[in-house]
Each structure stands twice: as structure tokens, then as C-alpha cells.
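Got your viewer open? Here's a short tour, with a few selections to make along the way.

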Amino acid sequence: MNEAMKAWMNAYLLEEMREGVLNAPQDLLGKHMYQGKQMFAARRPGASQVFVTDETGKNPIEMERFDEELGLFILEIDDKKAQFGKYRYRILYGENDVVETADPYSFRPTITDYDGYLFREGTHYEIYEKLGAHPETKSGVKGVRFAVWAPHARSVSVVGDFNMWDGRLHTMRLLGELGIYEIFIPDVPEGALYKYQITTQTGELIYKTDPYGNYAELRPGNASRVASLAGYRWKDKKYQEENRSKTKEQREKEPMSIYEVHLGSWKKTVEDDDNGFYSYRESAAMLGDYLVEMGYTHIELMGISEYPFDGSWGYQVGCYYAPTSRYGTPKDFMYFVDEMHKRGIGVILDWVPAHFPKDEHCLGRFDGQALYEHADPRRGEHPDWGTYIFDYGRKEVENFLVANALFWIEKYHIDGLRVDAVASMLYLDYGKRDGEWISNEDGGNENYEAVAFLKHLNQAVEEYHPEAYIIAEESTAWPMVTGAPKEGGLGFAFKWNMGWMNDFLEYMKLDPWFKQFHHDQLCFSLTYHLSERYILVLSHDEVVHGKCSLLNKMPGLTGDKFAALKAAFGFFYGHPGKKLLFMGQEFAQEREWSEMRSLDWFLLEDEGPGGIAHRGIQAFIKDMNQLYRTYDAMYYNDVDFMGFEWMDCQRPESSCVSFVRRGSGPKDQLLFMLNFTPIGNEEYTIKVPCKGEYVELLNSDDVKYGGQGRGNKKPISARKVTDQYGVDYQITCVLPPLSVVVLKFDYKK
């Protein structure tokens, strides 16, 4: 080796390579011009020989072994006629073990300073196109471009099943002050497993899955997989165009009946099998057809972003940009969404920007220090949940999350995201005791940085995808959750009405005698239902962990339980607000839900009284959904005072209520009457809003719902009543025990 070669082989870089902290490998490895000579350096530990060839693999020139320990080979070509333009390496490990590949360090980085500027500002909404693993073709060479943000790392390498998990082979280059590392590795196939090997400031080696990875190894493995999201041929163009053509006001005035699903336990291929799952593709037809049959408008999927532990149901996310591999590939999930849209079903995903798990391979202490989480544990950890809290004040973290929301809408055509645990984000002291949290700069418990993030999230989605719903699971009285950010609101499209759910279920659990003393729990929600745009929910949280199923929350003997459940569902559908019902409750699942087993579909197959009762509940929900979608009185004026009016709510001793729902016009208005006691009323007399005839549309005591057929077969004429307060109208009708009766009428002056 001559003096020029020695001078070029920078001793400082060699020492960094030896210590495993080299973050500028391109300055040493690859092809360089030095004093008119062409210099090559390749690191291939374990190789016996390395050759440089032309791009066709011909004209090989053997490289000189420079350092045995480092596995470093070098070559100097001073004859300009012999110098290479494009080139490849031929690496010999043994007689029958030869690798031919392009040089990773011959490709320039893709990420620009402008990308870095937007990322630091928190506004690079397509950062997922830059970071992560992306199959590409560069200069005719197929491979994968890897990029990761790790500003505290001393060096980063890509390791995987394509390089024997050897961090010496593919050291990434640090791009200036961005804290982003990038490398293009030729010949990496789709499906390849990989991780990032990170050398921390203390010299420790840690291995992390890709925060922006699009696919993951099936647990218990936890590597990322290379996956291209390009090439799927979507068939939902018409569906998408129709959605995008609607204004926000139009969408608010549409029916929304959501079926909440845990995909792994809706149905299982094999019971008591951790991997007895139907795939995304297999589930698509079964679920899609069932949703259409039952009359739902949307499906909400629990826990689709990849997660380590089945028992977290997907609420402790490990890979935010990857649909879980439990049910198939990313394109399989695209197919699932496509099939839902084919049937006119919107798809909502549960999304968890509130916290993430401490599993070593995940986001926590990603580059050896707090990065995605707040460094102060009083801001950065949930003591009760054992999870980390995102550092919402860090722009790159904010960008990670906002771009992730847009990613699911862009790449997977998702119609909405339900944001989990919003309350835990808004309050610095959420779930914490004294000494476990610190106040904001004004001494309060509001998390200003989380508030700014949520506003940013909703504004970005509104700007780029106004057709998508961002829904808050928020359980406190925080004001204007669905208000416009410019007016001080958070900007969500809808908010889960958790207060209604808690009050109503507590009421329904009571023995009928005691209901009269808790009448306010039934009626209170109607004093605030216009304060936000609400979704009424009977969600998974209410049927797990010893809370039992909805059916078994109902008091009384078996027959009364089924009747009471139908009455409860009647109030649920009649109450203003969009609807969400967790899977299994639509046929009165008896056992509380477990992610480990399928729903109890066998209940519907019983030919005895039990089967009749369960099929009756299912038929009732199907008809309620049909009623809901047919009559706009049940949804059109959900957030307008004229949409709801009590007719009877001031007789708590009766535990009966009635109310009117009004729609877009004077015709087809609805009167709901509910009896929450096991005592029927053959002459239930109530005020009604106008003269005319009232026709029974639905009665939960109908025989087809498992009831006894007590009802109002003929139209009921309103009679005029005059008293000291003026003129009113009344009707008298049959209101069976534990029932809901819905009458239709046209408004007449």
C-alpha cells in the first residue's frame, strides 16, 4: 500500500470503526477520488477475497486486505483507463459462498435539508415516506432505503437476516445535524427481517424495531419486516369520491351506527389457540356481509397497529406504522378495508397517541436516552399503566404522531380514528398521586403541549382529509372537545359520551323498585347532549374484567334480563348521538368478553328458549339499525335543540319515559316510549306534540324478538285536551313491561 492510500485511510475514522462508533462511514468506505487515483474500501468481515467489478460483474480486480480485525479491504487504481464508473463487489466467503452486490456507499442520501427543516418544525406530514424501510430502485439497482431518527446515538447500523445480523456490514450515515441516519442496501428482498443496532452514548449496543416500519414479525418475534405499500389496486374510488364530496355539515347529519370489533376474537379458526385467527382477507367477507345484514354503517377496529402483548388488545402499541401481522400482511389489510368500502361500510381504527409500552425493542429510550417520551418521569411515565408518555412538546415526536394519523388515512383509506385515552393526555396529574407529576408553567394540571398537539392533529386532518373523522375517547368535562380550534376547541369531529354510558348502565343494573330513586341517572345526559357532538357508546370496556356482559348487568330472572336489555337498547338508539355497540352484545353474549376466545355464536344455534331469546335480540338490533337508517328523525338533528323533546320524564315513580325525535321535515317524526319496570301499562297516557295518528313502527315485545306480542296493532288518534295552561294533545296506548315502543307520526298544526 503506497503513501497516498495510507493518507486516504483516515486514522481517526479507522479508530471510530474499530470502536463501533463510526457515523460517517461514507467518508471511509465506498469509491473516492484522491490525487487523481480511484480508491475503494469495503468492509466485509469473514471474507477471504473481495473483488471490484464493473456494473455487469465483469473485469474483476482483487482488493487488498487492509485490516484483518476490521475485515477491511482496499483497492487503488491509478490508471484512468482502468477506472470504474458504476461498479459492484464480488465477495468470497468460501468456495461455494459468493456474494455479488452493489456498494451501499455508492448511493447518495435521499433525505434533504428541507425534509429535516419540516421534520424539526413538526410539519413534515409525509415523513413516513422518508423514514423507515422503503424498497426502491436506484441507478438500476433494486434494494431498500433505510432511515431512522436517533439524534443521541453515536452510530447506527441496519442488521437483518440479509446480513447475518452483523452490525459491521451496513453502518448508516448521519445526515448533518438532523439526527437522521440513512443507508441504501442493495438486494434486500421484501419480507426481510431487520432491526436498528444503535450504539448509545455510553457505548452500549441496543436493538430496536423501526418506528416507521410498515410490517412486523409475528410475535413473539419483534423484528421489523421490509414491506412495500405500493402496488395494491384499490377498488373503492367511487366510495372515496362520494365521501369527499360531502361537507362537514352533511356528514354530521348522516346516520352512524358503529360495530366495535376485536378482530382476533370475533370469530376464531381454532378455540384456545393463540394463533387461531382468521386473516384480514378471510375476515373481510364474513364481517362485511354480517355488517350489511345487521344494518351497521361503520366498523371500529380495536388494536390494529402492531403491539407486543395480546392482552393489551392493541392499546400498548409497538409499531405505529404497521398493521399487526397477527392477521396478515399490510396489503391483506388494504384488502380488508377495500371490502368494507365495497359494502358501503366505513372503517374506524382505534389509535393510541397517549402512551406506549416499555418493551426493550420498542420506542422507549430509543437511542439510549429519552427520545419519544418526556425525559422527566413525572411527565414521561404512567405509573399505573407501566408505560411511557409521549413528549408532545418535541416537534419531531409531534410530527411522528400527526403524520401517523394521516398515514392510515392516506395509505389504508381509513375513514376515521378513535383517539384512545384523551383525558390522560389533557391532564398532567391523570392517574398520578402527589409527587408523581409536575404542574404547567401556570401552576395548573392542564397539559398545554398535549392540547397543542391535539389541535394540530385535528387541523391537519381537516386540511388534508376533511372526510375523515377524528373521534375523542374523553371522559371528563373538558370544554369544547368538538369545538373548532380557532374558537378555543380541540377540533375533534365527535366525542364518546362516557358520562351517559356510566350513568345509564348504573341505572339499568338497579332492581326495578330502586330505579325511581335514580331517575336522574337516566335523564341527566339530556341536559348536556348539545354541548358536544357525541357518540353514544356501549363499548368493550364495559364487558370485561369482572364487569360481565350487558345481558348479565340486567336485573331479574332470565326472561326479564332479555326484555330489559331490549329496552336499554331502545333508549340507546333513541337518545341523540351517533351509536357504537361492541361485538357480541347485539345477540346478548352471556359471558364477558375475552380476547382469548371467540364470541359465543353457538348461542344462536340453540333450538330451545335460550336460542329464541338470543336470536330475538339479534333481530331487534337489526331492525333498530334499519329504523335508525330509514328515519332521519333519529340522527338528523342530533346537535340541534329541535331534535329532541321530552314528553314524559317527570314521573320517576313509574320508571317510564317518552320523548320525541324530529328529523329534516314535518313527516315521519318518532315518539319513543320506554318502560323500565316488569309491570306493563295497558293505558299508558302521555302528552304528544300534535294532533293526528300515531302508528307503531317497532315494539320490543314483538314475538319475533322473543316477546309476548303485546302492542298497538291499530293507529292511535291523539285527543285534544284543554286545561288552564292551554291546548294539548294526548294519546293512550299499550306499553308492555320492560319494553320500548316506537310510534311514527306527521307533525300537524
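By class, how many nonpolar, polar and charged residues are in the lining of the second largest pocket? It has five nonpolar, six polar and 13 charged residues. Keep in mind as you click around that this is a predicted model.

Stay with that pocket for a moment. The second largest pocket has a volume of about 440 Å³, and 24 residues line it. Select Tyr 239, Asn 243, Lys 246, Glu 254 and Gly 344 to land on the lining residues that lie nearest its centre. Now colour α4 (237–244) and α8 (330–342): each supplies at least two residues of this lining. The largest share, five residues, comes from α4.

Next, hop over to the largest pocket, with a volume of about 560 Å³. Its lining counts 25 residues, and those nearest the centre are Trp 385, Asp 420, Ala 421, Glu 473 and Asp 541. Show α11 (422–426) and α13 (498–509) too, since each supplies at least two lining residues here. By class, the lining of this largest pocket splits into ten nonpolar, nine polar and six charged residues.

Last stop: Thr 171. You'll find Thr 171 in the loop between β11 (155–160) and β12 (173–174). Is Thr 171 buried or exposed? It's buried, because its relative accessible area is 9%, and the cut-off for buried is under 20%. Turn on side chains and look for the polar contact between those of Thr 171 and Ser 157, at 3.4 Å. Leaving aside neighbours within four places in sequence, Thr 171 is also in contact with residues including Leu 22, Pro 25, Tyr 105 and Ile 183.

Methods
Residues numbered from 1 in each chain as written. Predicted model: local features only at pLDDT ≥ 70, side-chain atom pairs only at ≥ 80, totals over all residues. Heavy atoms only, no water. Helix = DSSP H or I, 4+ residues; strand = E, 2+ residues; numbered from the N terminus. Buried < 20%, exposed > 50% of the residue type's maximum accessible area, 1.4 Å probe, protein only. Polar contact = N/O pair within 3.5 Å; in protein donor to acceptor, adjacent residues only side chain to side chain. Contact = heavy atoms within 4.5 Å. 1 Å grid on protein atoms, 1.4 Å probe; cavity = no way out; pocket = protein on both sides within 12 Å on 5 of 7 lines; lining within 4 Å. Points joined across faces, edges and corners; volume = space filled by probe spheres on them. Nonpolar A, V, L, I, M, F, W, Y, C, P; charged D, E, K, R; others polar.
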